[in-house]
Each structure stands twice: as structure tokens, then as C-alpha cells.
Amino acid sequence: MTDAIQLLVGTRKGAWIFRSDADRRDWRVQGPIFLGAIVNHLMLDPRDGKTLLMAAATGHLGPTIFRSTDDGETRTEAGKPPAFPKTDDPRARSVDHSFWLEPGHASEPGVWWAGTSPPGLFESRDGGATWDSVAGFNDNPRYWDWCPPEAGTPDGSLLNQVVIDPRDAAHMYIATSSAGVFESRNRGASWTPLNQNVEANFLPDSYPEFGQDAHFIALAPTDPDRLWQQNHCGVYRLDRPAERWERIGAAMPKEVGDIGFTVTPHPRCKDTAWVFPMDGTDVWPRTSPAGRPAVYRTRDAGVSWERQDAGFPTEQGWFTVKRQAFCADRSDPLGLYLGTPGGELWTSGDEGETWRQIAAHLPEI
């Protein structure tokens, strides 16, 4: 079987790699890799197709990043992992874990970006071997307004995503769990909140300049001026140069709602994307509404949504799908993949029309 697809799976107790040919029917599995370590993110560099970085929290090494060029068989720890500068400030921060890894712009081989908890932005210019604090965010005069110490999620407050405009290495977005979305046009030297019309119903001012919980953001691959966002308070779309988000999740069925952790855009159609909605009431952790899991697809930029649930449990399916655990390949038809905290892997080879389980009993994904 010639590998066409590699599915990288990070869990609470190690990592796995699932491989398949273009048919995506039969899967071979490699793993566990680094059994026992919390693997928050596992990312293969698309620029060289061989450099694999793993953001891990280990019992004896603490939060760190590993690099591999042989599919994870051997790993080298970063000589200088992400760490905040030493300071006498009583609010001094220490990295609890690296949460997100982002390969740099195509024009910058060797550059990587990382987001951490507590919220921090770090850059590597040597393929992940050493990491430096990005002062434009981490030492910003407004940092403590954006990332107050008391703000938090179950695993801690996060800088949970870094997104780079493929047309311009200096144009970047980040998503945070404490302050929403920010934009930089000077490669991270300065940042501006980008949260207009995004709700934060847990704050006294429901539409503040910052303070939102941006669960996930994504650029449309065929149109980087289109941004999708899955927020703590709904699904949004933004078409630049506009700065006001539109809550496209309002078109979702009322009994389902538009709360979730992730959004997956189509690689060839800017109007198509998928979300995995979860119970948005007072249920925590979030689960599939009524125990009936489904993805929802829009093909008209969020004007309407269609339910896709063939193959999922029709009842007693209390799924949660977290930020990095829903993705797509670039095949035609496109393949979709999602993982659950119950250790299940689900895949669709027909753009969400039907689903099947390819793994169970893994640790929490």
C-alpha cells in the first residue's frame, strides 16, 4: 500500500500515526509514540514533508517540544523550549504547556511558531531546535488586559492558534481563549484585536473590544481574505478587509445551536466548511446535542447548513471533538477526520456524507 494520507493523532498518553492509500479504506497504524506523554499537537512540516514537531508535556522533562525526521521513531528535544523571559514581576509566567505548532510561511524554511498556556507566542528559526519569546505579544503593554491571570479554561488559558497569510509572511492572526482574535501586519511586532460583533455572553459587555473565547480560526485556502471562526459563542465568518464578523451560526437549527470547538474549511471551495456542534447550554464538558453526533456543512458561506450523520450513533453518542481533532485532507472527494476524548477516530471519504470508525480505545484525543 502506497501512503497517500497520514493522520497524526495526539492524545493524553502519547501519539499515533495512521496511514492509508488514496482509497482511504484500509489503515495501518504506527504507535504509540512517546507513550505516557501528553501530546497537545503533532505537526508535519508541509515545506519539506519530513520534519515532525511534537508539543508534549512529560512527567520528567516538563513542557517541551520534540523534533523528528524519521516519522517519530527517534526524537530530539528542543535545546531551548518555549519559555517566558525571567522577570521580577509578581505575575511572572511559566509555560505550562505548548498547545499549538504552526509551520512558518513557505518563504521561510526552518521557521515555526508556537502558542502556549498561559497565552504566549514563540518563534523558532532553526526548525524547532530553539525558541524565542515574541515580545510584540508576550511583553505588550496591554498583555495583562488581554490575558488576565484569573482568565482560564479547564486546561488553562491559551494562545491556541497561529495562522499566517500565505501571501505575506508578515501578516498573521492568533486566536486566544482570553481575548479573542488578534491581527499583526508586521510579523508579530504589534497586535490589534479583531473581534467586532463577536459575542462574549459571559462578560458584562457582551460585545467588547477583546475578551472573547476564540476556539478556532481558519483561512479559506482558496481565498485567504475569508476567515472562519468557531467561537465559544457561535460560528462566525469575516471577509477582509471588513473587520466586523458575521454570526453565520445563527442559521443552524435552534435545537442544535452553533457552539463547538473547531471549524474545517474546504481546500478548494471558499464557501464550504464543516463544524461539529455541541451542547451549548450549561453542560460541561460539551457533548453532542441530545447524544446524537453529527457534523454540519455549509456550501453557501453560512447562509444555510446541512446535517451529516450517516454512520454515527443515532442515540447515546455523547461525543466531544476538541480544537485540533477535526481536519480534512486535500483529496477529491475530500476526506474528513475527527477524534474524540473517548479515543475514537472517525473518517469520511465522501465529504461528510457517510462516516465510519477506524479506531477505538485510544487515550483521550
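**Notes on the predicted model: sheets, cores and rings**

1. Let's start with a small sheet. Four strands make up an open sheet in the order β23-β24-β25-β26, and the pairing is antiparallel. Its edges are β23 (326-328) and β26 (356-359), each of which pairs on one side only. Ignoring direction, neighbouring strands here are turned by 25 degrees against each other on average. Keep in mind that this is a predicted model.

2. Inside that sheet, look at β24 (residues 336-339) and β25 (residues 345-348): they run antiparallel and are joined by four bridges. If you want a spot to click on, Tyr-337 stands opposite Thr-347 in β25. As background, strands of a sheet pair through backbone hydrogen bonds, either parallel or antiparallel.

3. Now the N-terminal end. A hairpin takes β1 into β2 through two residues. The two strands, β1 (residues 5-11) and β2 (residues 14-20), run antiparallel with seven bridges between them. One of the bridge partners is easy to find: Ile-5 has Ser-20 across from it in β2.

4. Which residues of β1 point to the buried face? The side chains alternate along the strand: Ile-5, Leu-7, Val-9 and Thr-11 point to one face and are buried. Gln-6, Leu-8 and Gly-10 point to the other face and are not buried.

5. On to the cores. The largest nonpolar core counts 34 residues, and those with the most contacts inside it are Trp-113, Leu-121, Phe-137, Trp-146, Val-162 and Trp-191. At least two residues each come from β8, α2 (143-146), β12 (159-164), β13 (172-176), β16 and β20. A separate core of 27 residues lies apart from it, and includes Trp-16, Phe-261, Phe-312 and Leu-362. In soluble globular proteins, nonpolar side chains tend to be buried together.

6. Trp-146 deserves a look of its own. Leaving out neighbours within four places in sequence, Trp-146 contacts Phe-137, Asn-140, Ser-178, Ala-179, Phe-182, Trp-191, Pro-193 and Phe-210. Trp-146 also belongs to an aromatic cluster, together with Phe-137, Tyr-143, Trp-144, Phe-182 and Trp-191. From that cluster, Tyr-143 has the charged end of Arg-93 over its ring, 4.4 Å from the centre. Elsewhere, Arg-75 lies over the face of Phe-34, at 4.8 Å from the ring centre.

7. There are 14 aromatic pairs in the count. Why does the pair Trp-100 and Phe-216 count as edge-to-face? The ring planes stand at 75 degrees, and over 60 is the cut-off for that label, so the pair is edge-to-face; the centres are 6.0 Å apart. This pair links distant parts of the chain, with Trp-100 in β8 (residues 97-103) and Phe-216 in β16 (residues 214-220), 116 residues apart. Both partners count as buried because the limit is under 20% relative accessible area: Trp-100 comes in at 8%, and Phe-216 at 9%.

8. Phe-312 and Phe-319 give another edge-to-face pair, with 6.0 Å centre to centre and 90 degrees between the planes. Phe-312 and Phe-319 are buried too.

9. Last, a loop residue. Is Thr-287 buried or exposed? Thr-287 sits in the loop between β20 (273-275) and β21 (295-298), yet its relative accessible area is 15%, so Thr-287 is buried. Not counting residues up to four places away in sequence, Thr-287 touches Met-278, Asp-279, Trp-318, Phe-319 and Thr-320.

Conventions
Residues are numbered from 1 along each chain as its sequence is written. This is a predicted model: local features need pLDDT of at least 70, side-chain atom pairs count only at pLDDT 80 or more; totals for chains, interfaces and linings use all residues. Side-chain values use heavy atoms; hydrogens and water are left out. Rings of Phe, Tyr and Trp (its six-membered ring) pair if their centres lie within 6.5 Å; planes under 30 degrees apart count as stacked, over 60 as edge-to-face and the rest as tilted. Buried means under 20% relative accessible area, exposed over 50%, partly exposed in between (1.4 Å probe, protein chains only). A charge sits over a ring if NZ of Lys or CZ of Arg is within 6 Å of the ring centre and within 35 degrees of the ring normal. Contact means heavy atoms within 4.5 Å. Two strands pair if DSSP finds at least two bridges between them. Axes are lines fitted to C-alpha atoms, for helices over the stretch in contact, and angles run from 0 to 180 degrees between N-to-C directions. A nonpolar core is a set of buried Ala, Val, Leu, Ile, Met, Phe, Trp, Tyr and Cys residues joined through side-chain atoms within 4.5 Å.
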